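Trainee: I am new to this structure and would like to understand one part of it well before I look at the rest. Please pick a single spot, take me through it closely, and then work outwards from there.

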Amino acid sequence: MPAKPFIIIFILPLLSSVVGHETVQSEEYPLVVSTWPFVEAVRAAWKAVDAGSSAVDSVVEGCSTCEELRCDGTVGPGGSPDENGETTIDALIMDGVTMEVGAVAAMRYVTDGIKAARLVMQHTEHTLLVGEKASEFAISMGLPGPTNLSSPESMEKWAKWKDSRCQPNFRKNVSPANSCGPYSPTHYLRHPDETCSSTGHMLTSDSGLLRVGLHSHDTISMAVIDRMGHIAVGTSTNGATFKIPGRVGDGPIAGSSAYAVDEVGACCATGDGDIMMRFLPCYQVVESMRLGMEPKIAARDAIARIARKFPDFLGAIVALNKKGQHAGACHGWTFKYSVRSPAMKDVEVFTVLP
């Protein structure tokens, strides 16, 4: 009876390759996955991890490259001005082995968001530093600065927005509604029978699609599995265009924009961070995979939880399990994500339909 074991051996490799575009199993480590077609960032991370760098260091290499290239104008300096015309940076790094996290938010004057986040993780007992004090810390630890994070392009975009009476913006229930302020609150009384859900529907459908889109605020969120099988994730973004100064999105929030657990897998997210961070979708994805869900089911489930409350939100998720299987899910837009594995000659871009 020796034939059956040999049949199983020959069938299993076929099972791993006969799958659709939504779920793909890489042949072996290392592996790099990133939101959006940020191909050069993935190449940089791959070069590092393929040469033997740790998952954490490789994530930093990848995200740093995107910051230097100012990917889509939404990563690094020079993009997404706030209401005052200033660009600020949010970033996060998470080690799936130790569960350590370092993050910076609304950071001014320092271009290196992901490196600043790593400094927080390596040299403090904290998880998140914010604002000008985050900048002071990063500079004191050796990063270049202070530097003006605005660019001619961001200032031109801001000037045109000002000329359009600062519309659209992120204000609500304020007066005057159609100007650049100064603003004062208007009375807003919710009906007793009006639920939080219906309020969310109203606010999102009225204004969300005007200000959240493919080139208004996209995060690079990256996951790397290194040669040892260890996982790390990182994010970097300059946030939502024309945001209220001081706004922090989901980029530096562990469990929202990214999450990693070494024995389970990782998740990367992008989209309307103000909505998505209320649901911690990446934490949800990783915990769902811990319970046995396939990546594509876990990603779809996390997106569906948000869409039930906010049907007009825009967002996307990439899920990656410890086996190297990856899958995407999205809502409100067509989403693309990038992958590099040993089976690939170069970075491949996968398309996910809503």
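**A loop glycine and its surroundings**

Mentor: Leaving aside residues up to four places away in sequence, glycine 332 touches Phe313, Leu314 and Pro354, where a contact means heavy atoms within 4.5 Å. The model is predicted, so local features need pLDDT of at least 70 and side-chain atom pairs count only at pLDDT 80 or more, while totals for chains, interfaces and linings use all residues. Residues are numbered from 1 along each chain as its sequence is written, and side-chain values use heavy atoms, with hydrogens and water left out.

Glycine 332 sits in the loop between strand 13 and strand 14; helices (H or I, at least four residues) and strands (E, at least two) are DSSP runs, numbered from the N terminus. Its relative accessible area is 49%, so glycine 332 counts as partly exposed, a class that lies between buried (under 20%) and exposed (over 50%), with a 1.4 Å probe and protein chains only. Although glycine 332 and alanine 316 are 16 residues apart along the chain, their C-alpha atoms are separated by 8.8 Å.

Alanine 316 leads us to strand 12 (residues 315-321), which is mostly covered, since seven of its seven residues are buried. In a regular strand the side chains alternate between the two faces of the sheet. Here Gly315, Ile317, Ala319 and Asn321 point one way, Ala316, Val318 and Leu320 point the other way, and all are buried.

Strand 12 has neighbours that we can follow residue by residue, bearing in mind that two strands pair if DSSP finds at least two bridges between them. Strand 11 (residues 265-271) runs antiparallel to strand 12 and is joined to it by seven bridges, and within that pairing glycine 271 has glycine 315 as its bridge partner. Strand 13 (residues 325-331) also pairs with strand 12 in the antiparallel sense, over six bridges, and here the partner of alanine 316 is cysteine 330 in strand 13. Strand 12 and strand 13 form a hairpin with three residues between them, and glycine 324 in the turn has a positive phi of about 90 degrees.

Let us return to the loop that holds glycine 332, because tryptophan 333 lies in the loop between strand 13 and strand 14 as well. Seven aromatic pairs are found in the whole structure, a pair being rings of Phe, Tyr and Trp (its six-membered ring) with centres within 6.5 Å, where planes under 30 degrees apart count as stacked, over 60 as edge-to-face and the rest as tilted. Tryptophan 36 and tryptophan 333 form an edge-to-face pair, at 5.1 Å centre to centre and with 90 degrees between the planes. Tryptophan 36 lies in the loop between strand 2 and helix 2, so this pair ties together parts that are 297 residues apart in sequence. Both partners are buried, tryptophan 36 with a relative accessible area of 3% and tryptophan 333 with 9%. Ring pairs also link Trp36, Trp333, Phe335, Tyr337 and Phe350 into a cluster.

From this cluster we can move on to a sheet. Eight strands form an open sheet with mixed pairing, in the order 5-4-3-9-8-2-14-15. Strand 5 (128-130) and strand 15 (348-352) stand at its edges with a single partner strand each, so one side of each has no neighbour in the sheet. From one strand to the next the twist averages 15 degrees. Helix 2 (residues 39-50) lies across strand 2 (31-35), strand 8 (220-225), strand 14 (335-340) and strand 15, and runs at about 25 degrees to strand 8; such axes are lines fitted to C-alpha atoms, for helices over the stretch in contact, and angles run from 0 to 180 degrees between N-to-C directions.

Finally, for the setting of the whole chain, the secondary structure comes to 10 helices and 15 strands, and 53% of the 354 residues count as buried. Among contacts with a separation of 6 or more, 64% are between residues 24 or more positions apart.
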